[in-house]
Amino acid sequence: GADLEGEAGVLAQGLAEGKGAVVDKANFLKQRENYYRLNGWDPVTGNPTEVKLRELGLDWAWEAMQKK
């Protein structure tokens, strides 16, 4: 999902261990949003959109999500 704190923690852990590289937070968020949109996911939550679920024949999943 869109858990930035979790993602930031993973990135920080890699840096602390001498692995990885520094990532610009604003660019990361922009690219993540683009990735989500390209895959038919909500850019805020990271959940699949209604269109994507129906495209995959998962109408029931969309309807279940709306009941929550």
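Biologist: Is Asp59 buried, partly exposed or exposed, and what is its relative accessible area?
Modeller: In this predicted model, a residue counts as buried under 20% relative accessible area and as exposed over 50%, with partly exposed in between. Asp59 falls into the middle class, being partly exposed, and its relative accessible area is 31%.

Biologist: With which residue does Asp59 form a salt bridge?
Modeller: Side chains of opposite charge can pair when their charged atoms come close. For Asp59, the closest N and O atoms of the pair are 2.9 Å apart, and the cut-off for a salt bridge is 4 Å. The partner is partly exposed, with a relative accessible area of 33%, and the residue that pairs with Asp59 is Arg54.

Biologist: Which residues are linked with Arg54 in a network of salt bridges?
Modeller: Arg54 forms a salt bridge with Asp59, and the network of salt bridges takes in Glu50 as well. The residues linked with Arg54 are therefore Glu50 and Asp59.

Biologist: Which helix holds both Glu55 and Lys52?
Modeller: Glu55 and Lys52 form a salt bridge, in which the closest N and O atoms are 2.9 Å apart. Glu55 counts as exposed, at 54% relative accessibility. The two residues are three residues apart, about one turn of the helix, and the element that holds both, covering residues 50–55, is helix H3.

Biologist: How far apart are Glu33 and Arg37 along helix H2, in residues?
Modeller: Glu33 and Arg37 form a salt bridge, with 2.9 Å between the closest N and O atoms, and Glu33 is partly exposed at a relative accessible area of 33%. Both belong to helix H2, which covers residues 25–38, and they are separated by about one helical turn because their spacing is four residues.

Biologist: How many salt bridges are found in the whole structure?
Modeller: The pairs named so far include Glu33 with Arg37, Glu55 with Lys52 and Asp59 with Arg54. A search that covers the whole structure gives a total of four.

Biologist: In what order do the elements of the protein chain run from the N terminus?
Modeller: The protein chain has four helices and zero strands, so each element in the order is a helix. Read from the N terminus on, the order is α-α-α-α.

Biologist: What percentage of the residues of the protein chain count as buried?
Modeller: The protein chain exposes about 5300 Å², of which carbon and sulfur atoms supply 57%. A residue counts as buried when its relative accessible area is under 20%, and of the 68 residues in the protein chain the share that meets this is 15%.

Methods. Residues are numbered from 1 along each chain as its sequence is written. This is a predicted model: local features need pLDDT of at least 70, side-chain atom pairs count only at pLDDT 80 or more; totals for chains, interfaces and linings use all residues. Side-chain values use heavy atoms; hydrogens and water are left out. A salt bridge is a side-chain nitrogen of Lys or Arg within 4 Å of a carboxyl oxygen of Asp or Glu. Buried means under 20% relative accessible area, exposed over 50%, partly exposed in between (1.4 Å probe, protein chains only). Accessible areas come from the Shrake-Rupley method with a 1.4 Å probe; for residues, only the protein chains shown count as cover.
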